[in-house]
Amino acid sequence: MNIQNERERQFTATTHDPHDARHHGAITTPLYQTSLFSFAKYEDFEKAFENLQENHVYSRGNNPTVSFLEGKLADLEGAESAKCFASGMAAITAAIMSTVRSGDHVVCVHQAYGPTRDFLANYLKRFAIETTFVDGSSLQAIGQAFRPETKLLYLESPTTQMIELQDLTACAKFAREKGAITIVDGTWATPIFQQPIKLGVDMVVHSITKYISGHSDCLGGVVLGSKHLIDQISNSEYMLFGGIMTPHAASLITRGLRTLPLRMQRHQESGLRVAEHLNKQNYVAKVNHPGLASYPQQDLARRQMSGYSSLFSFSTSESMEKMKQWANKLQYFKIGVSWGGFESLVTVGVSPDDRGEGAQTMVRLYVGLESPEDLIRDLDQAWTDHVK
Ligand SMILES: *Cc1c(COP(=O)(O)O)cnc(C)c1O
């Protein structure tokens, strides 16, 4: 793939829509704030039921504002089809449920998003579905965890604490040979920097709440894949669990999507600037950012991603309490969960690699759209002020 051509394609794909005569030439997608669609004739009503995904009957099925966004996301990701959900977790649990049944086994990377791990490890146990968690950076570990009844390989690349990758091409190939489906959570990279379907992965999930929405004002999720797999989800998990994306959220998210390529370019530059600065500070032990020379999976990062987003972490030998006090002194980095919006954020935790003995304090930073120079000054002043 020519990266530059793809980058240019993304700018046009997010901003251009084909003329739609149904909307009087309205340049934005109309917000169909409706729960149901009515019919002049009973015959048409009955005919519409033949395909609830294509026809307009009820908004827990098909709403034009939501399906417009789904079309744009599928195009951007290079997927045949997409289904949007109320949140990232609604999308993830629907995608997982569509691939497993009682007695099946799942292999999942051990650093996957916490609630995803909780769902696999604890919730699915009720249905006699077992999960083995593995070190995703080792193909050998993944292979060894597979059993004859393994039906799903669940990946998250990069992970969002330690920013660790899995080799998507090799994982997807291995799982396919074993008759298992591969799902990857691609929230960190977004479709701008990583397109796993093109690498052979069956389904991609994103928390839209993060970069795709980009404005910290709504939640959403999406599952992307072949028409066959997404139709199955639409007809069962989507319709039955009902975790739908509202037309209002879809309208806000479509507005955010217009600037996704532009924002990601800025996030990439600023994130790397801040990471490079932190890498030189003596209170920082190690910065986990794929753009740094010290990053252990740099070759793989270059092979399967065309850029880097601006969420990263660093470990430090300072105590957690000390770093919490440091976070209190930050002005531009606000203390809070989530990320992907306009504003920079910070959280302090323990490095999940070595909990217990030798556990290190880990700080996760999200670099927003502020001036990176202001952010760097903020980090420096908080530390100077702190050690006084
Ligand atoms: C936030 C997040 C989710 C969950 O998304 P919600 O929209 O909060 O439900 C899933 N995966 C990753 C990697 C995330 O960062």
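Reader: Where does Ala128 lie?
Author: Ala128 is in the loop between helix 5 and strand 3 (130-134). Helices and strands here are DSSP runs (H or I over at least four residues for a helix, E over at least two for a strand), numbered from the N terminus. Bear in mind that this is a predicted model, where local features need pLDDT of at least 70, side-chain atom pairs count only at pLDDT 80 or more, and totals for chains, interfaces and linings use all residues. Residues are numbered from 1 along each chain as its sequence is written, and side-chain values use heavy atoms, with hydrogens and water left out.

Reader: What makes the phi of Ala128 worth a remark?
Author: That phi is positive, about 60°, although Ala128 is not a glycine.

Reader: Which peptide bond is cis, and where is its proline?
Author: The bond running from Ser157 to Pro158 is cis, and its omega is near -10°. Pro158 belongs to the loop between strand 4 (150-156) and helix 7 (168-177).

Reader: On to the ligand. Which residues come nearest to the ligand?
Author: Gly88, Met89, Asp185, Thr209 and Lys210 do, out of 14 residues around the ligand. A residue counts as near if one of its heavy atoms lies within 4 Å of the molecule. Helix 4 (residues 88-97) gives the most to this shell, namely three residues.

Reader: How do you know that Met89, Asp185 and Thr209 make polar contacts with the ligand?
Author: Check the distances against the cut-off. A polar contact is a pair of N or O atoms within 3.5 Å (within protein, one must be able to donate a hydrogen and the other to accept it, and residues adjacent in sequence count only if both atoms are side-chain atoms). Met89 uses a backbone N or O atom, 2.8 Å from an oxygen atom of the ligand. Asp185 has a side-chain N or O atom 2.6 Å from a nitrogen atom of the ligand, and a side-chain N or O atom of Thr209 is 2.6 Å from a ligand oxygen. Those values are within 3.5 Å, so each pair counts as a polar contact.

Reader: How much of the ligand does the protein bury?
Author: The protein buries 92% of the 380 Å² that the ligand exposes when taken alone. Such areas come from the Shrake-Rupley method with a 1.4 Å probe (for residues, only the protein chains shown count as cover).

Reader: Why is the space around the ligand called a pocket, and what puts the ligand in it?
Author: The search runs on a 1 Å grid over the protein atoms alone. A pocket is an open set of points with protein on both sides within 12 Å along at least five of seven lines, while a cavity is a set where a 1.4 Å probe fits but cannot get out; lining residues have an atom within 4 Å of a point. A molecule sits in either if more than half of its atoms lie within 2 Å of the grid points. The ligand passes that test, so it sits in the largest pocket.

Reader: What lines the largest pocket, and what is its volume?
Author: The volume is about 680 Å³. That is the space filled by probe spheres set on the points, which are joined across faces, edges and corners. There are 31 lining residues, and Tyr113, Gly114, Thr160, Gln161 and Arg364 lie nearest the centre. Strand 11 (345-350) supplies the largest share, four residues.

Reader: Where is the second largest pocket lined from?
Author: Helix 1 (3-15) and helix 3 (64-77) each supply at least two residues of its lining, with the largest share, six residues, coming from helix 3. The space in this pocket is about 490 Å³.

Reader: How many cavities of 30 Å³ or more are there?
Author: The count is two. The largest cavity holds about 40 Å³, and helix 3 gives the largest share of its lining, three residues. Among its lining residues are Ser59, Asn62, Glu70 and Tyr238.

Reader: And which residues line the second largest cavity?
Author: Leu311, Gly336, Ser338, Leu345, Val346, Thr347, Arg364, Leu365 and Tyr366 do. Strand 11 and strand 12 (361-366) are the elements that give two or more residues to this lining. The volume of this cavity is about 30 Å³.
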